[in-house]
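Open the model in a viewer and keep the selection box at hand. The stops below say what to select next and what is there.

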Amino acid sequence: MRIGPLTLRLLGATLFVLSALAVPTQADEGIKITPDVVYGHKHGMALTMDVYQPTSGNGVGILFMVSGGWYSMWAPPEQTMGLFRPLLDKGFTVFAVRHGSSPKYVVPEVVVDVRRSVRFVRLHAQRFGVDPERLGVCGWSAGGHLSLVLGTMSDAGDPEAKDEVLRVTDRVAAVVAYFPPTDLRPYVKIDGPYRERFPALKFDPNQADSVSPLRHVSPDDPPTLLVHGDKDMLVPIWHSEKIRDAFRENDVDCELLVIEGAAHGFAGDDAERANAAWVAWFEKHLLGAKTGSALSSSVRLIPGPVNGVMIERSGHRLVVYGDPSGTVPRADMVLFTHGRRDVSWAGRGLVERQAKAVMPEAEASTFAGATDFWQALVTARFHDYQQQTTKLRATPLRVDRTVADGDTIEWQDVSLKVIATPGYTRGAVSYVAEIDDITYAFVGDTIYGDGLLLDLYSLQDAIAEAKIGGYHGYAGRIGELIRSLRIIRACDPDILVPARGPVVRDPKTSLTRLIGRLQAAYSNYLSINAGRWYFKERYDALVQRALDTASEVRWMDWATTIEENPPGWVVPIQNSRLLLSESGAGWLIDCGSQAIIDEIKKLRHAGRLTSLEGLFITHYHDDHTDKVNELREAFPCPVYVTPLMEDILRHPAAYRLPAMTSHAIADLTVVPDRHTQRWREFQLTFYDYPGQTLYHDALLVEHDNGETLFFLGDSFTPSGIDDYCLLNRNLMHEGDGYLYCLDVLETLPADCLLVNEHVGPAFRFDKPQLAHMRSVLQQRKELLAELFPWDEANYGIDERWARLYPYGQTARPGEIVEIEVRILNHSDRAHEYTVTPHVPEGFRVQPDQTRLTIDPREERAAIFEVSIPASTGMPVAVVTADVAFNQWDLRQWCEGILQLEP
């Protein structure tokens, strides 16, 4: 049926506006029209859609974005129905969605509306007679932009939201976009020509990335058809070409139909051709299939922040990982591969609706014992040297069955073999089954997509065979992970479905690639690591458990050590050093034990020390800070630190890091980086020195006799850099972290000796050694960029890039406390981060969500108020927060604890 010219013109000679959309058509008996369905409210106004339902519907819903220039106009639905005739005649149900319109609302506000419209339709799919898993979206110009936003930027909903609409995913299964603007950055420039002509573009240009579909393409995006005229001067065809290329790079099914000679709008034969492609695309991708994410006839992927998998047999359902979409009403059982909350959240709803929860035996306590864990952590988080993840459930969840290596789960006619695959977590398992003549492996977080791993810090653990504790166990479970990957590979699966990331359809290649990347990164780490000085031959065990041959490690030559006694003005006292002036006055560096205080008292009693005139703290670790307050009681003196150290010493309970002291230190003397001052016959220069930990400084001491020492805490030993606990936050940015520390070393006097208080002799690196360490770190960044799916490698080694502050605080029932979610943008471009806090039942939090645009390498905080109920029986409350940015939707990603006093 010819529907007449689809002429796209400019509204008032402006951009992106749809007009003359349809030939007026009377409603007929074959179509039910429900006008003005309210899908939300905004500032007291209703957000509405018109619903067109064919009598013989095919179960597929299409949302059409009524938007031109992000102006959403109303017309009688009987008149606009002709526009949708090609879809209605094929049985598609059409939802004509109107959003909060320009000029009152700008694009980011419009995006919120259309995302809600999809959630609403999914929630009420049964009412409208459509399958919630078979929803398509389409639009022209600005409507095309909004369609692509839904295709590339959707999420799984917020399971904790009070509004039931917001608990539902806004994912769609197919997209059609006519001449869409895909990159809004050119249109929002302050001095550009479009902002005055199009009020919807009057928003902060820093937000343009967040609403530009081109910047958010990822492998799980739905099939997308683009239609564009090659003579379009308003939205040049490069918009469609660039996003087509991005889709293809991510293996997303995408086609671009170019209408030759057409400008910003189609008519006549061009319109017919475009509409035929429009309908055919939805027929191909939505008709005849239960979902666009079918993996085989009875297995389908439920995309979201985690990969839910549903297996169906005779009306029964078994789910792996969970239901991130919130659309699966019930299941017989849910299989969990490990106990972390950032994955297991997706299965909670099904378990609460009586699905049986199946957990690895070794990690079942993380579900059932959640309350005990958090109560113990109130004190256990101090002096913690095990450094296991705290991304564990905030509340308990029932466990119905535990499984271990070699077990089999029999369900319907499917047998799932349980395989122990520790590595990313200590007790993880995978499930392998043949379904529909395909061997599936559900492998949790052992792999992320094609040869990637989500992070390295989760592998931190003790290494028993090397007698190395958890604190020193950088990637301690890498050997177990590599063995697990090889075991999975030996099962010869056809398809891997990890807990996160793309489905893997060439498992052997991807697993082999990940093993190689892990080994390359670990070899790089070992080659310049400080731990080899302490553990020496034990590092051979580290090589053997992770690498194929010892020759894979290119060990650095050790620094020159000065074995003779240190200068007479330096007195070693355990892991502390006392500078002793000719006058008898002293200056101490670090104080972590009573034995240090006792030794200083002996020196005073012997007459060698007449007074203590200063204390310098190199870093926050308890073995350098635990007895500072007691020392000052016996020897009142100022305590010097640089700004990096101030807050963590004043408020240690506000942090979750290794080897924390529980003793706050007040009355600090904070001096700026490179501050220089005279003390007796010494020149002292204070440095920020974020090496072994982000919270670290150093002191250069120059004696008048020419002797020079650089007290660098624990950051280096003669064998290299002390980054064997990533949870210390060992960053790798140019001008930061260890690269910055090397910069400092290169500026020191040529004869300067380095002092680590845990190392007996002083030592000195030569220029080739400094250059070598720099080169290895730069290579490491490249290796980790290949290993991680993040746009910046530091996300994969810095667990605390998103953190609650304060981590721990004490409160009383009925009080209101303030918390911050602090986010460090490691990326080289600005991101908009969406932060959604979650509090226990009965608590309230305001606001319920915050968005932050953060510049590269900057940290900002989202601030929330938590209202504690007047009566609560819990001694400890856990607050978690979701963090979303770019393609990432990270659920319950970080946490803090409230210790509730009676």
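Start with the largest cavity, which has a volume of about 70 Å³. A cavity here is a set of points on a 1 Å grid over the protein atoms alone where a 1.4 Å probe fits but cannot get out; grid points are joined across faces, edges and corners, and the volume is the space filled by probe spheres set on the points. Select A654, Y655, R656, L657, Y695, R729, R800, R803, L804 and Y807 to show its lining, that is, residues with an atom within 4 Å of a point. The count comes to 6 cavities of 30 Å³ or more.

Before moving on, note that this is a predicted model, in which local features need pLDDT of at least 70, side-chain atom pairs count only at pLDDT 80 or more, and totals for chains, interfaces and linings use all residues. Residues are numbered from 1 along each chain as its sequence is written, and side-chain values use heavy atoms, with hydrogens and water left out.

**The four-stranded sheet**

Select 802–805, which is strand 36, and 844–846, which is strand 40. Strands are DSSP runs of E with at least two residues, helices are runs of H or I with at least four, and both are numbered from the N terminus. The open sheet has 4 strands in the order 36-38-42-40, with antiparallel pairing; two strands pair if DSSP finds at least two bridges between them. Strands 36 and 40 are the edges, and each has a single partner strand, so one side of each is left without a neighbour in the sheet. From one strand to the next the twist averages 30 degrees, with axes fitted to C-alpha atoms and angles running from 0 to 180 degrees between N-to-C directions.

Now add 816–824 (strand 38) and 859–867 (strand 42), an antiparallel pair with 9 bridges. To check the register, pick V817 and its bridge partner in strand 42, V866.

**Strands 28, 29 and 30**

Select 682–688 for strand 29, where 6 of the 7 residues are buried. Buried means under 20% relative accessible area, exposed over 50%, and partly exposed in between, with a 1.4 Å probe and protein chains only. On one side, strand 28 (residues 676–679) pairs with strand 29 in the antiparallel sense over 4 bridges, and T676 has T685 as its bridge partner. The hairpin of these two strands has 2 residues between them, and R680 takes a positive phi near 50 degrees there. Strand 29 also pairs with strand 30 (residues 697–703), antiparallel over 7 bridges; F682 is bridged to H703.

**Aromatic pairs**

Which rings should be shown here? The whole structure holds 46 aromatic pairs, meaning rings of Phe, Tyr and Trp (its six-membered ring) with centres within 6.5 Å; planes under 30 degrees apart count as stacked, over 60 as edge-to-face and the rest as tilted. Show F616 and F686: their ring centres are 5.7 Å apart and their planes stand at 55 degrees, so the pair is tilted. F616 belongs to strand 25 (residues 611–616) and F686 to strand 29, so the pair ties together parts that are 70 residues apart in sequence. Both residues, F616 and F686, are buried.

Next show W679 and F682, whose ring centres are 5.2 Å apart with planes at 20 degrees, so this pair is stacked. W679 counts as buried at 6% relative accessibility, and F682 is buried at 0%.

**The six-stranded sheet**

Select 570–573 (strand 22) and 576–580 (strand 23), an antiparallel pair over 4 bridges. V571 stands opposite L578, and in the hairpin Q574 takes a positive phi near 50 degrees. Extend the selection to 585–589, strand 24, which runs antiparallel to strand 23 and is joined to it by 4 bridges; here L578 stands opposite L588. The open sheet has 6 strands in the order 22-23-24-25-26-27, with mixed pairing.

**Two charges over rings**

Finish with K42, whose charged end sits over the ring of Y105, 4.3 Å from its centre, and R891, over the face of W345 at 4.8 Å from the ring centre. The rule asks for NZ of Lys or CZ of Arg within 6 Å of the ring centre and within 35 degrees of the ring normal.

How values were computed. 1 Å grid on protein atoms, 1.4 Å probe; cavity = no way out; pocket = protein on both sides within 12 Å on 5 of 7 lines; lining within 4 Å.
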